[in-house]
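Student: I have just been handed a structure that is new to me. Could you take me through it?

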Amino acid sequence: VIYVWAIAIYLLFLVGVSVYKSRKVKTQDDFMVAGRGVTALFLVGTLVCTWIGSGSLFGGAGRAFRQGFSALWMSAGAWLGLAIVYYLAPRVRKIAQYTVPDILETRYNAASRVLGTIAIVIAYLTIAGYQFIGGGRLLEIITEGSISADKGKIIVCVLVVLYTVLAGMSSIVALDVFNGILITLGVIVAAPLALKGAGGWGELTTTLPETHFTVFGAPGVAAALGLFLPTFLLLLGESSIYQKFMSAKDGKSARRAVIGMSAGVIIIETVLAATAIFGAGQYWTDAAFRTAGGALNRATTETILLQLAFEKLPLMGGILLLIGGSAIVFSTANTFLMVPSTNLTRDIFQRFIQPDASDRTIILFQRVMIVILAGLTLLVTTQFENILDMALYAYTMVGAAVTPALLAAFLWRRVTPMGGMISIAAGMLGTIVFAGMASAGMESLPLGFVNLPLEYDYIIYPAGFLSFASLIVVSLLTPPSPEEKWKPFWE
């Protein structure tokens, strides 16, 4: 019962702060980009909380349970991506739009804006969806089944919508420093306790397979890169991160925040994976984590951190990890509803339907969109078997459809409007087609000299190739952009 009360107090605090912040929301800037006055410290908090979500808490942790430290290849993509984002952050802030599709239209054309919006909405509803699933699993565990995972995800959905519609980005930024502290404290306290419970390092290496402690693990190099590339490309095209750069007080604050985010992401994701592996040392032979045939159950292994907190850790350590897990779910879910609702409001409603809409009308429309998108997100959750597949699909959708065109806008003067537009369409279509093949049960696709495995771990290869190849070939075959198109991105 004490775990339930701890989570309830935390959630009431979130809603209370949102109610308070909602009284100060007056303009479109206040709701979408927190008034463009966010300092580096608050930006670090909100960037870390945006990135560390249920994909890490459940999907990444489950992979670490099953495959060991090679699961960190999924996180490592973000680490390299941040080095490039450090260079882009002040330039993005200087353009000072509201959304990534704003940037796509500025550099390319209106069609690129619409296509980019569609890709982002699809991906972000998927990401928000597995936050709801993760939150539902958390409620099921701490209530010992009194609340089912399906009912739990509906409860989480309602609370996230309430938290988000009240004050938008203002409430998200205000609370994410606090959430970041909770997340960091929870995992740092849990890790040594979990290792002790596994019998120490010597006992751990005896219990788990040797491949758990190798660089590429049992799946090998191709699978490791299949985890690395979607995360790497996602981070480079991550709309929520760019939208938060646009919330920054200035370009200097945006760049400082990237340094802080890099440190936070590397530390938290490494400790999360390690804690899951230490948990595997305690549950490796537990029948609850295996199928009837004896194989590891993917869905169950994804709950390792919550099971560890509830069943194995001392009371205070368990409370801290569960509250940290709640912070991960809620701080990510609200952002991934906020961003697509901003896209639809800014890039469709305000751009094409009612360009002269008042701030009040814009905020009202976006609040309605948040509610509608949350309902659609619940439907999305029924289309996947586990959180890791959802994460890889969403990461590939952004990484293949949006990232190549977005990077080219800042890094390649020769890219053309037609090249950018076709690249977005090819990446989006490629992701949908190859993910559809994977979900239909096709095992591989013969491509002459190689058979492409049709699993979510590998769909970045064909989708990313189609996008980058289209970008380069079409741009070289079409006339160069006029100087006024590319110059703002290079000044």
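Tutor: We shall go through the empty spaces in this structure and then turn to one residue in a loop. Please keep in mind that the model is predicted.

Student: How many cavities of 30 Å³ or more does a search of the whole structure find?

Tutor: The search finds 4 cavities of that size. The largest has a volume of about 160 Å³, and 14 residues line it.

Student: Which of those lining residues are closest to the centre of the largest cavity?

Tutor: They are G55, S56, G60, S75 and E269.

Student: And which helix gives the most to that lining?

Tutor: That is α4, with 4 residues. At least two lining residues each come from α4 (54–67), α5 (72–95) and α13 (251–283).

Student: How does the lining of the largest cavity divide into nonpolar, polar and charged residues?

Tutor: There are 8 nonpolar and 5 polar residues, together with 1 charged residue.

Student: What about the second largest cavity, what volume does it have?

Tutor: Its volume is about 90 Å³. Of the 13 residues in its lining, T50, W51, Y130, F336 and Y395 are the closest to the centre.

Student: Which elements supply at least two residues each there?

Tutor: Four helices are to be named: α3 (40–51), α4, α7 and α16 (315–353). The largest share belongs to α7, which provides 3 residues. By class, the lining of this second largest cavity holds 6 nonpolar, 6 polar and 1 charged residues.

Student: Let us move on to pockets. How much space lies in the largest one?

Tutor: About 450 Å³ lies in the largest pocket. It is lined by 21 residues, and those closest to its centre are R298, D389, L454, E455 and Y456.

Student: Which helix gives the most to the lining of the largest pocket?

Tutor: The helix is α4, with 3 residues. Both α4 and α20 (417–439) supply at least two residues of that lining.

Student: How many charged residues are in the lining of the largest pocket?

Tutor: The lining has 8 charged residues, along with 8 nonpolar and 5 polar ones.

Student: And the second largest pocket, how much space lies in it?

Tutor: About 190 Å³ lies there. Its lining is made of 13 residues, of which V44, G45, V48, G180 and T184 are the closest to the centre.

Student: Which elements give two or more residues to that lining?

Tutor: They are α3, α9 (169–197) and α13. Of the elements, α9 gives the most, namely 5 residues. The lining of the second largest pocket divides into 7 nonpolar, 5 polar and 1 charged residues.

Student: Now a change of topic: where does E144 lie?

Tutor: E144 lies in the loop that runs between α7 (110–142) and α8 (149–167). Its phi is positive, about 55 degrees, although E144 is not a glycine.

Student: Does E144 count as buried or exposed, and why?

Tutor: E144 counts as exposed because its relative accessibility is 67%, and the cut-off for exposed is over 50%.

Student: Thank you. Which helix should I look up again for the two largest spaces?

Tutor: You may return to α4, which gives the most to the lining of the largest cavity and also gives the most to the lining of the largest pocket.

Note on methods:
Residues numbered from 1 in each chain as written. Predicted model: local features only at pLDDT ≥ 70, side-chain atom pairs only at ≥ 80, totals over all residues. Heavy atoms only, no water. Buried < 20%, exposed > 50% of the residue type's maximum accessible area, 1.4 Å probe, protein only. 1 Å grid on protein atoms, 1.4 Å probe; cavity = no way out; pocket = protein on both sides within 12 Å on 5 of 7 lines; lining within 4 Å. Points joined across faces, edges and corners; volume = space filled by probe spheres on them. Nonpolar A, V, L, I, M, F, W, Y, C, P; charged D, E, K, R; others polar.
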